[in-house]
Amino acid sequence: MTAIPTPLPAPNDLTSLVLRADFSDDAAWDELRAVMRSEGAHRSATYVSDPAYAGVTIQNLVEADAAASEDDKLAYLFLVDQVALTDDEHPLLAIDLAEEPGRTFRVRPASFTDVSANLAVGNVDFADFADATDDTGTYHGSE
């Protein structure tokens, strides 16, 4: 893996960065975004599909964010990896970049808006969502 662009892309105001890391199936990427739209989650997302992030790892993202200026740092992001594209429920990988860099949990599109909105305004900490996951590491919220 070559170095990834820094700083990481900035999400639009009060939305969360949804960063594509798997480029093996464009139809699956389109399907995931359609599922997000059907759940209303697209209004809380800034999608970035840039091949420069193909195969990016959690560690790559943590390091890129750590190297960014204070103004360019992100607190968290959602990664669209192979699991998100191939699993029928399309669980995105939420990654903490601020409090416990590298801590993760999965979130399905049905819970994405709740998680994104609360993280964006600081209502709920990343750890609170991560601590409320099931035995697969997936947050289901009040679904």
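I count two strands as paired if DSSP finds at least two bridges between them. Helices (H or I, at least four residues) and strands (E, at least two) are DSSP runs, numbered from the N terminus.

The model is predicted, so I note from the record that local features need pLDDT of at least 70, side-chain atom pairs count only at pLDDT 80 or more, and totals for chains, interfaces and linings use all residues. Residues are numbered from 1 along each chain as its sequence is written, and side-chain values use heavy atoms, with hydrogens and water left out.

Entry 1, strands. I looked up β1 (residues 16-20) and β2 (residues 45-48), which pair in the parallel sense over 4 bridges. V18 stands opposite Y47 in β2.

Entry 2, helix α4. I checked the length of α4 (residues 109-121): at 1.5 Å a residue, its 13 residues should span 18 Å (1.5 Å times one less than the number of residues). The end C-alpha atoms lie 19 Å apart, which agrees. I found P109, S111, F112, V115, S116, N118 and L119 buried (under 20% relative accessible area, 1.4 Å probe, protein chains only). Just after α4, G122 takes a positive phi of about 75°.

Entry 3, cores. I looked up the largest nonpolar core (buried Ala, Val, Leu, Ile, Met, Phe, Trp, Tyr and Cys residues joined through side-chain atoms within 4.5 Å). Of its 23 residues, F78, V80, F105 and V115 touch the most other members. Helix α1 gives the largest share, 4 residues. Beyond its neighbours within four places in sequence, V80 is in contact (heavy atoms within 4.5 Å) with residues including V18, W29, L32 and L92. A second, separate core of 17 residues includes L17, V56, V62 and L77.

Key:
Buried < 20%, exposed > 50% of the residue type's maximum accessible area, 1.4 Å probe, protein only.
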